[in-house]
Structure formats: structure tokens, C-alpha cells
Amino acid sequence: GPSDLHPVILMTDAQAALDRLGHALDRGERMAVWGDYDADGMTAAAIWILALRALGADPRPYLPSREREGYGLSVLGIRALAAEGVKLVITCDCGVGNVAEIAEAAQLGLDVIVTDHHVAPTVLPAAVAVVDPHRPGDAYPDKDLTGAGVAWKLASALLGQRGSGAADLAALAAIGTLADMAPLTGESRIVVRLGLAELAETRRPGLRLLLERSADDPAEPTARDLAFGLAPRLNAAGRIADAMLALDLLLTEDSVEAARLDAELEVLHRQRQARTAELMVEARALADESPGSWPLAIRSDDWPAGLVGLIAGRLADQLARPVAAATIVGVAIRGSVRAPNDFHVAEALGAVGNHLSQFGGHAGAGGFSLSTEQWPAFRDAFAALPRPFPAGDRPVLDEPNLVAVDLVLPGSMVGWELLTEFERLAPFGTGNPEPVLAIHGLRVGSARRMGTGDAHVSFRLLRGAETVDAVGFSVGEDAPLPAEGERIDVVATLERDTFRGLPRLRLRLLDWASPSESVITARPRTLAVAG
């Protein structure tokens, strides 16, 4: 619980940041909150804005344009804020690499407080404070907080110092934490638990509408609802339109405005899904043409900059290999990297950094830019990186697309009692996955395909006289459906599903096989995230 949280003051520069913020509040200085166009940076910005509003300030939100400015601080934005009379800028989920931009800010009389969680370069920017648990020598015990997690810790400390509070900050931090796939251990786990409880009660109209679209049961949202339902909706704005739309939805107090913004965001979300499906076909074709090196770098100059991160993520899941996906933006190439957990993306980009003009990130994800002339050299250097990276750092799965089973048990043991035990281990996600079960002794009542392009399956399974429903998303596209009455073994997770207001048990299928094949050694299957 909250008592297990570490004092934020253990982070280098946290005190300097709190002092400077206190000074700005006392003097009524004009402040700006510089976020990012992804869900972690956006929720971090929302946390700072709500906290500062609760303390009587009216900070100016600033989200950079993905196309014009790219990630992090831009000279363009800094100059615009200085012209508006801003005296203090707080960055969220970015800034630790912006040495030149922060030097420019100082020239213009702007103080900058950096709050970030990305791997810090050797030369830090000369900001008033650089608060990032990844700073060299930082004493903070938990390095896995996301941008929203760092913002939540520091903003909560500022509110506490000044005897004030603000609702929904943990709720926002939970969304950012799950969106950025932080390991759900330590503080990130506490943030998500507190945040889910806050979300269930939230009165914020935008969050309520987002939950209604994203959660099976908005009164009891889960980590999965946020990671696969809510966060992708927030991200859709910055991917294909303007991220401010999503930030406005999080911040508005007006239910009419919330309904308008929510409807607009849902249209963008659907467009983004359809466009991603088209681009994945192209990306798969490019991947199939590429030589069978371990890390893969692909590029198409027709891809929108906002979708290359998704392409990299989907391909990395499907092929179980590190993927850099890139496109041209203006005169330069910009790309994103996603990778399985035995490949540290930020360190890998550092290793080929001599070909790049800019790069940054953390273990599971990163971004980079480079000139078009450098692309062939970068592509070859990236493809030549060894696995794992750094060497000897993490265990390598020989068959990266095999699923680790936690428990083998008969169908008769699958029930509410087991689910209740599992739910005590929640929230589930990166670093704390749901228990995976191999269940035998089931018979098929019915089996059908469903969803767009028949990508998903729905089974009704019999264990003795009782039935249990099972669904599988993006599984078994190449496998024949089992026949009615056939005995099968399944690999699945167990979940609570709400149907017409009533809870029921459901299995989420990862794989199945007839007992003769035995599912424990059944055909390997690459698990793709449904979305």
C-alpha cells in the first residue's frame, strides 16, 4: 500500500524542483507543462496540470507536434512559450536528452524542471532540476517508474508540502504506467492498484466516458482494460491527429465538452485501428524480404510517423525479434524500436549511435532519427547486433514464441475459488504476468471463428455436465477448429467476464490441441496482442 512508497526526496534534484515550484507558486509566475504525445507523457502532463491548478496556478499545457517537432523539447516550442511570458517549464516523460533546447531556454530567461524516466545521457542538460531515477548515481531505489509515475511522486510531494490534494492523480499515473508497460512490481504495482481504485470512483467526465468504452465493467476496471482499451484510445490522438484532443478530454470538467471530445477520439481510434491493419500487411511483407538477421530494421516512406511505433511493436510480438520501423519526416528519417525482453533497446541504440543524429529510450522501447544517407549503414549495424543485448544480461528463450505454463490441472479444478486466489496476485501486466494454465479433460461443446477476418475464436467447453466459455484473440489462424464432442487440452488464462451485469468465468485461450498431440508440446504459436 501507500506506506511502501519511497520518499521522493531520494531522487537527485527532487528538493531543488520542489523549491523552485514553491517559489513560482508564491510569486504567481506563469508556468507551462511540456508533455508528450503518448499516453505516458500525456497523463504525466495531466497530473502536473491538475496538481498546479489545485494550488491556485493556471499552467499552460504544451504538447509538441509529432510531425513538426518530434519527441521532447523543441526550440520552436521554447521560443513560443518565452514569447507568452512563461518563466518556468516542467517537462513530463522527456527532457533528459535536451541539452541544446534547455540551453536555449536559459538564454530566453526560462527555467526548466525536467521530470523524466528515460536513460540519461552522460552530459545532462543544465536545467534548474533534472529529476530522473535513471540519472547516474541517483539513489532512488525503484528505477521502473514511468514518466507518469515520476510526475505523480513529485506532484504528490508538492501538494503534501503545501497542505493540499487533488483527485484522480493516481488514476492518471496508473494509465501512464500500464501504457508504457512498466514492470508491475515495486512502486509501479502500488500506483496501478491505487489508480484502479480511484478510477472506479472517478467523477472526471472524460475518464468516465473512456472507461465506458474500454472496460468490461467500468465500476471495476482492470489493468488489462487500461493497457489494451484506454491507453490505445489516448494514443490515437497523437498518432493520427493532435494529442491535445486527448489531454483536453482528461482535463475537462464539462460533461458536454467531454462527450464531444470522446466521440471525436473514438473516430480517430477506429481510423487508427483500420490504418494499422493495412500497414501491418506491408510491414510483414518487408520483414519477409529482409535477410534472416536477428534484429530487423525496415522502412517505408509512406508510413505516418505516428504509426511506426505500433508497427515495430506488433512485428516484435509476431516475430519475437527486435524491430526498428522507420519513415521519412521532412528531410530526416525517424523511427521506433520495440523488442523482446532479452534486448535492451536504449543500450542497443547507443551501440549504433554513431549512425544516428538523435536517439533515446528505455529497456523495451526507443526512438531515433538520422539522415537518409546514414540509413543503409544504420540498418546493417542494427541487424548485426548480437542477442541477447547486452550479452549475458538476460536469459534467452531458445524458442521465443513458446508460452511458459505455470500450472497443469484438470478441468474440474477450474472455478471461482481458483480465480479468487489468482485475483489476489493482481494487477497483472509486464513483470507480473497472469498465471498461464494448461487444462486437460475438457470436451468441445461448440467452436466457431469470429471478429474481423475471422481472426478470433469462441469455444464452449464441457467439463462433466458444466460448461465454461473460452475466447481466443488472434490465435489459431492457421489451425483447424476442433470438432463438436472432441476432447481437447487448452492453454489459457482464467478471467472474470461481466455479461448483462452478471459475473461469469471465462478462459482466454492461448492455444489448444487434442490430447494425442498434448498441448504441452503442441505447435509453437507466436502470441500477438489483440487490438
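**Figure 1. Arg284 is partly exposed in this predicted model.** The relative accessible area of Arg284 is 33%. That value falls between the 20% limit for buried and the 50% limit for exposed, so Arg284 counts as partly exposed. Arg284 belongs to helix α11, which covers residues 255-289. Beyond its neighbours within four places in sequence, Arg284 is in contact with Leu315, Gln318 and Leu319. Ile311 lies 27 residues away from Arg284 along the chain. The C-alpha atoms of Arg284 and Ile311 are separated by 9.4 Å.

**Figure 2. Five strands form an open parallel sheet.** The order of the 5 strands is β2-β1-β3-β4-β5. Which strands stand at the edges? They are β2 (60-62) and β5 (129-131). Each has a single partner strand, so one side of each is left without a neighbour in the sheet. On average, neighbouring strands of this sheet are turned by 20° against each other, direction ignored. Strands of a sheet pair through backbone hydrogen bonds, either parallel or antiparallel.

**Figure 3. β1 pairs with the edge strand β2.** Strand β1 spans residues 31-34. Its pairing with β2 is parallel and runs over 3 bridges. Here Ala32 stands opposite Arg60 in β2.

**Figure 4. Thr91 is buried in strand β3.** Strand β3 covers residues 88-92. How large is the relative accessible area of Thr91? The value is 0%, so Thr91 is buried. Residues up to four places away in sequence are not counted among its contacts. Thr91 touches Trp34, Leu73, Val112, Ile113, Val114 and Thr115.

**Figure 5. Leu63 is a buried loop residue.** Leu63 lies between β2 and α3 (75-83). Its relative accessible area is 10%, which is under the 20% limit, so Leu63 counts as buried. Which residues does Leu63 contact, leaving aside neighbours within four places in sequence? They are Gly35, Asp36, Ala243, Met244 and Leu247. Cys92 is 29 residues from Leu63 along the chain. The C-alpha atoms of Leu63 and Cys92 are separated by 9.9 Å.

**Figure 6. Helices α2 and α10 pack against each other.** Helix α2 holds residues 39-54, and helix α10 holds residues 244-251. The axes are 10 Å apart and meet at an angle of about 40°. That angle makes α2 oblique to α10. The crossing of α2 past α10 is right-handed. On the α2 side, the contact involves Met42, Thr43, Ala45, Ala46, Ile49, Leu50 and Arg53. These meet Ala246, Leu247, Leu250 and Leu251 in α10. The residues of this contact divide into 9 nonpolar, 1 polar and 1 charged.

**Figure 7. Two aspartates take a positive phi.** Most residues other than glycine have a negative phi, and most peptide bonds are trans. Phi of Asp13 is about 70°, although Asp13 is not a glycine. Asp13 sits in the segment before α1 (14-27). With 25% relative accessibility, Asp13 is partly exposed. Phi of Asp168 is near 70°, again a positive value in a residue other than glycine. Asp168 is in the loop between α5 (147-161) and α6 (169-179). Is Asp168 buried or exposed? Asp168 is buried, with a relative accessible area of 8%.

**Figure 8. Two prolines follow cis peptide bonds.** One cis bond runs from Phe389 to Pro390, with omega near -10°. Pro390 has its place in the loop between α14 (375-383) and β11 (407-410). Another cis bond joins Ala426 and Pro427, where omega is about 0°. Pro427 is in the loop between α15 (416-423) and β12 (437-450).

**Figure 9. Strand β8 has antiparallel pairings with β7 and β10.** Strand β7 covers residues 323-329, and strand β8 covers residues 332-338. How many bridges link β7 and β8? They pair over 7 bridges. Val329 stands opposite Ala332 in β8. The hairpin of β7 and β8 has 2 residues between the strands. In this hairpin, Gly330 takes a positive phi near 65°. Strand β10 holds residues 365-371 and pairs with β8 over 7 bridges. Ile333 stands opposite Leu370 in β10.

How values were computed. Residues are numbered from 1 along each chain as its sequence is written. This is a predicted model: local features need pLDDT of at least 70, side-chain atom pairs count only at pLDDT 80 or more; totals for chains, interfaces and linings use all residues. Side-chain values use heavy atoms; hydrogens and water are left out. Two strands pair if DSSP finds at least two bridges between them. Helices (H or I, at least four residues) and strands (E, at least two) are DSSP runs, numbered from the N terminus. Axes are lines fitted to C-alpha atoms, for helices over the stretch in contact, and angles run from 0 to 180 degrees between N-to-C directions. Buried means under 20% relative accessible area, exposed over 50%, partly exposed in between (1.4 Å probe, protein chains only). Contact means heavy atoms within 4.5 Å. Angles under 35 degrees count as roughly parallel, over 145 as roughly antiparallel, 65 to 115 as roughly perpendicular and the rest as oblique. A crossing is left-handed if the near helix is turned anticlockwise from the far one by less than a right angle, and right-handed if clockwise. Ala, Val, Leu, Ile, Met, Phe, Trp, Tyr, Cys and Pro count as nonpolar, Asp, Glu, Lys and Arg as charged, and the others, Gly among them, as polar.
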